[in-house]
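Got the viewer open? Let's take a walk through this one together, one selection at a time.

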Amino acid sequence: MTDKEQKYEALVAQAKALSEAETDEIALMANVAAIIHETFHFWWTGFYRVVGEELVLGPFQGPLACTRIKFGRGVCGTAWKEKRSVIVPDVEEFPGHIACSSASKSEIVVPMFRNGEVFAVLDIDSEKLATFDDTDKKYLEKITMLYLSPKSTFLR
Ligand code: SME
């Protein structure tokens with residue numbers, strides 16, 4: 001197991017424990033953003049929640065960020081629209097990328113589902129190029145699906 005996989009395994013266990021101790025989804029998002037950020041020291045780690053026709057900034061760790069993102073816009077809006085995780089190795093190559101910070105160089109966005117619809121996204125930015133790969137995708141999907149999606153409590 002790689003160092004990254006070991007760190008993610010520990011995060012999965014922490015997320016499980018957090019979800020067993022607290023059911024409020026915003027409190028959980030806040031602590032999950034904190035543990036991911038503390039583990040990997042990414043540039044920005046946080047959540048946007050679907051509110052009507054927009055994504056609205058939720059709990060995060062890192063510098064100030066854009067507060068509202070429209071459906072289909074940027075990496076976050078694309079993950080929402082296409083209902084799939086999006087990995088961007090170089091944000092300058094992604095058409096429509098929303099630059100909240102010029103320091104951000106690569107990004108991953110993982111949509112979160114409730115009743116088959118996206119209710120939030122997990123967004124992580126790195127100040128280095130090509131930070132995220134299928135290992136990040138696999139574990140971040142696992143954490144969000146098992147421990148942050150309210151209707152999947154039966155999986156806990
Ligand atoms: N870059 C994102 C916007 C959110 S910030 O990175 C925190 C996007 O293109 O959707």
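Before the first click, a quick word on classes: Ala, Val, Leu, Ile, Met, Phe, Trp, Tyr, Cys and Pro count as nonpolar, Asp, Glu, Lys and Arg as charged, and the others, Gly among them, as polar. With that sorting, the shell around the ligand holds eight nonpolar, two polar and three charged residues. Keep in mind throughout that this is a predicted model.

**Stop 1: the ligand**

Select the ligand and show the residues around it. There are 13 of them, and those that come nearest are Val75, Cys76, Ile98, Glu107 and Asp125. Which elements each supply at least two residues of this shell? Color strand S1 (44-51), helix H3 (74-82) and strand S6 (117-126), and you have them. H3 gives the largest share, with three residues.

Now zoom in on the polar atoms. Start with Asp125: an N or O atom in its side chain is 2.7 Å from an oxygen atom of the ligand. Next, pick Ile98, where a backbone N or O atom lies 2.7 Å from a nitrogen atom of the ligand. Then pick His97, where an N or O atom in the side chain is 3.3 Å from a nitrogen atom of the ligand. How much of the ligand does the protein bury? The ligand taken alone exposes 300 Å², and 99% of that is buried by the protein. If your viewer can draw cavities, turn that on: the ligand sits in the largest cavity.

**Stop 2: the loop after H3**

Follow H3 out of the ligand shell and select Lys83, found in the loop between H3 and S4. Check its backbone angles. Most residues other than glycine have a negative phi. Lys83 is not a glycine, yet its phi is positive, at about 50 degrees. Its relative accessibility is 38%, so Lys83 counts as partly exposed.

Stay in this loop and click Ser85, which also has its place between H3 and strand S4 (86-88). Is Ser85 buried or exposed? Its relative accessible area is 9%, and buried means under 20%, so Ser85 is buried. For a quick use of the distance tool, go from Ser85 to Asp133: the two are 48 residues apart in sequence, and their C-alpha atoms are 11 Å apart in space.

**Stop 3: two more loops**

Go on past S4 and select Pro89, in the loop between S4 and S5. Pro89 is partly exposed, with a relative accessible area of 48%. Draw a line from Pro89 to Glu20: they are 69 residues apart along the chain, with 34 Å between their C-alpha atoms.

The next loop to visit joins strand S5 (106-114) and S6, and Asn115 is found there. Here is another positive phi in a residue other than glycine, near 55 degrees. Is Asn115 buried or exposed? The cut-off for exposed is over 50%, and Asn115 has 64% relative accessibility, so it counts as exposed.

**Stop 4: back to strand S1**

You colored S1 at the ligand, so return to it and select Thr45, which is found in that strand. Thr45 has 0% relative accessibility and therefore counts as buried. Measuring across to Ala79, you cover 34 residues in sequence and 16 Å in space, C-alpha to C-alpha.

**Stop 5: helix H1**

Select residues 3-21 to light up helix H1, and find Ser19 in it. Ser19 counts as buried because its relative accessibility is 2%. What does its side chain reach? Show the backbone of Lys16: the side chain of Ser19 reaches the backbone oxygen there at 2.8 Å.

Tyr8 lies in helix H1 too. At 0% relative accessibility, Tyr8 counts as buried. Pick Lys142 as its partner for a distance: Tyr8 and Lys142 are 134 residues apart in sequence and 10.0 Å apart in space, C-alpha to C-alpha.

**Stop 6: past helix H4**

For the last stop, select helix H4 (134-147) and move into the segment after it, where Ser149 has its place. Ser149 counts as buried because its relative accessibility is 5%. Show its side chain and look for Thr144, whose backbone oxygen the side chain of Ser149 reaches at 2.9 Å.

Key:
Residues are numbered from 1 along each chain as its sequence is written. This is a predicted model: local features need pLDDT of at least 70, side-chain atom pairs count only at pLDDT 80 or more; totals for chains, interfaces and linings use all residues. Side-chain values use heavy atoms; hydrogens and water are left out. A residue is near a molecule or strand if one of its heavy atoms lies within 4 Å of it. A polar contact is a pair of N or O atoms within 3.5 Å; within protein, one must be able to donate a hydrogen and the other to accept it, and residues adjacent in sequence count only if both atoms are side-chain atoms. Accessible areas come from the Shrake-Rupley method with a 1.4 Å probe; for residues, only the protein chains shown count as cover. On a 1 Å grid over the protein atoms alone, a cavity is a set of points where a 1.4 Å probe fits but cannot get out, and a pocket is an open set with protein on both sides within 12 Å along at least five of seven lines; lining residues have an atom within 4 Å of a point. A molecule sits in a cavity or pocket if more than half of its atoms lie within 2 Å of its grid points. Helices (H or I, at least four residues) and strands (E, at least two) are DSSP runs, numbered from the N terminus. Buried means under 20% relative accessible area, exposed over 50%, partly exposed in between (1.4 Å probe, protein chains only).
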